[in-house]
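Biologist: Please show me the model, and then let us go through what surrounds its ligands.

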Amino acid sequence: MANEKVRILGIESSCDETAAAVIQNGREQLSSVIATQIEIHKKYGGVFPEVASRQHIRTIYAIIEQALDQAHLSLADIDAVAVTRGPGLAGSLVVGLNAAKGVALARDLPLIGINHLEGHIYSAWVYPADTPNPPPAPQFPLLALLVSGGHTELNLITDHLHYRRLGATLDDAAGEAFDKVARLDGLPYPGGPSVQKAAAEGNPEAFAFPRARLDGTWNFSFSGIKTAVLREVRKIEELNRPIPVNDMAASFQAAAVDVLFTKTLKAAREFGVKEIVVAGGVSANKALREAFLGQDEFPVHIPPLSLCTDNAAMIGAAGYYHYILGQRDPLNLDVNPTWPLS
Ligand code: KG4
Ligand code: ZN
């Protein structure tokens, strides 16, 4: 190893965030820079893939430079480049992977392709480098609830990089459900934060939206709640009444959080895990965080808000654990837009 301290440059561009970060020894965040494209995609009501990849091309090198500057380092101080290889939008992933290859080739650094979902899980290991009392690392065996815009799954993790998928959504991802309900209620993109904001002013018991328990499995389903919201919206529109957006958002959020929380706790008991990790964009949700942090049966790790949605610190952290195990990918590595975690 070149240094006693292992520093990984993480690069992430799987969707609509261009991000780079430097992570030391798998947990210390020396820098994390994120350029979001939210304002650009807002007018389309969702991510426009071609526009996203063009925007990544425009910003990625400046973002990498900023991440190094913020860490007060140069590429000479970096031990490896970890980059999101998938899952995600092919055209977006290619930009990050090509940038990572360029850096790796130019500086003769190892290239490590990382699964984006694994990255989200490893966001629970990261803390700012200047933290006086670093938080303890998550302890194995642990259960990870991964809730993002594209994925919702429960994974049993017995050791670093050892995943067993217990279940996943059979239809919409949790974040996708938030985004679709926001659209039905006329709330702006991205839906998750809009629904959360509206829900804060609403009554969570105004509507009894269905909770798909899917007992006997560790799977989830969100299409039923979404359809129930649609049905209510139509009914109210036919009556020419204004849609009670806040009540609807609060009732939807309560149903979604209930299902995610209840099943995760049940699985944690069943598989006898020590701790729980909740990660991915929807882990930014206040009601979901309060549900998990409000129980004391299991210690729960939820990343800070800045690391819930897409970022590169999580890619650098996951990259470290692959690096110390000797993973090195070839420079002809390709993106894998549908790469499962396990
Ligand atoms: O992890 P992420 O940034 O991207 C993917 O890998 O998909 O997750 C984005 C998703 C979006 O669906 C967004 O609406 C949702 O996370 N999200 C939230 C909140 N913040 C972001 N959902 C609920 N409440 C939030 N506060
Ligand atoms: Zn993500």
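**The zinc ion and ligand 1**

Modeller: In this predicted model, the zinc ion (ligand 2) has as its protein donors H116 (NE2), H120 (NE2) and D310 (OD), which lie 2.0 to 2.1 Å from it.

Biologist: How are the donor residues of the zinc ion (ligand 2) spaced in sequence?

Modeller: The protein donors are H116, H120 and D310. Because H120 lies in helix α4 and D310 in the loop between β11 (300-301) and α10 (313-324), this pair ties together parts that are 190 residues apart in sequence. Written as a pattern, the spacing of the donors is H-x3-H-x189-D.

Biologist: Which polar side chain lies 3.0 Å from a nitrogen atom of ligand 1?

Modeller: Backbone N or O atoms also approach ligand 1, with one of G149 lying 2.8 Å from an oxygen atom of the ligand and one of G175 lying 3.1 Å from an oxygen atom of the ligand. For the nitrogen atom, the partner is a polar side-chain atom, and that atom belongs to N285.

Biologist: How much of the area that ligand 1 exposes when taken alone does the protein bury?

Modeller: The space taken by ligand 1 is the largest pocket, and α4 (116-122), α5 (174-184) and α6 (191-199) are the elements that give two or more residues to the shell around ligand 1. Taken alone, ligand 1 exposes 560 Å², and the share of this that the protein buries is 88%.

Biologist: How many residues of the shell around ligand 1 are polar?

Modeller: Among the 17 residues around ligand 1, those that come nearest are H120, G149, D179, G192 and Q196. Sorted by class, the shell has four nonpolar and two charged residues, while the number of polar residues is eleven.

Notes
Residues are numbered from 1 along each chain as its sequence is written. Chains are lettered from A and ligands numbered from 1 in the order in which they are written. This is a predicted model: local features need pLDDT of at least 70, side-chain atom pairs count only at pLDDT 80 or more; totals for chains, interfaces and linings use all residues. Side-chain values use heavy atoms; hydrogens and water are left out. A residue is near a molecule or strand if one of its heavy atoms lies within 4 Å of it. A polar contact is a pair of N or O atoms within 3.5 Å; within protein, one must be able to donate a hydrogen and the other to accept it, and residues adjacent in sequence count only if both atoms are side-chain atoms. Accessible areas come from the Shrake-Rupley method with a 1.4 Å probe; for residues, only the protein chains shown count as cover. On a 1 Å grid over the protein atoms alone, a cavity is a set of points where a 1.4 Å probe fits but cannot get out, and a pocket is an open set with protein on both sides within 12 Å along at least five of seven lines; lining residues have an atom within 4 Å of a point. A molecule sits in a cavity or pocket if more than half of its atoms lie within 2 Å of its grid points. Helices (H or I, at least four residues) and strands (E, at least two) are DSSP runs, numbered from the N terminus. Ala, Val, Leu, Ile, Met, Phe, Trp, Tyr, Cys and Pro count as nonpolar, Asp, Glu, Lys and Arg as charged, and the others, Gly among them, as polar. Donors are N, O and S atoms within 2.8 Å of the metal (3.2 Å for Na, K and Ca); water is not among the atoms, so sites may look incomplete.
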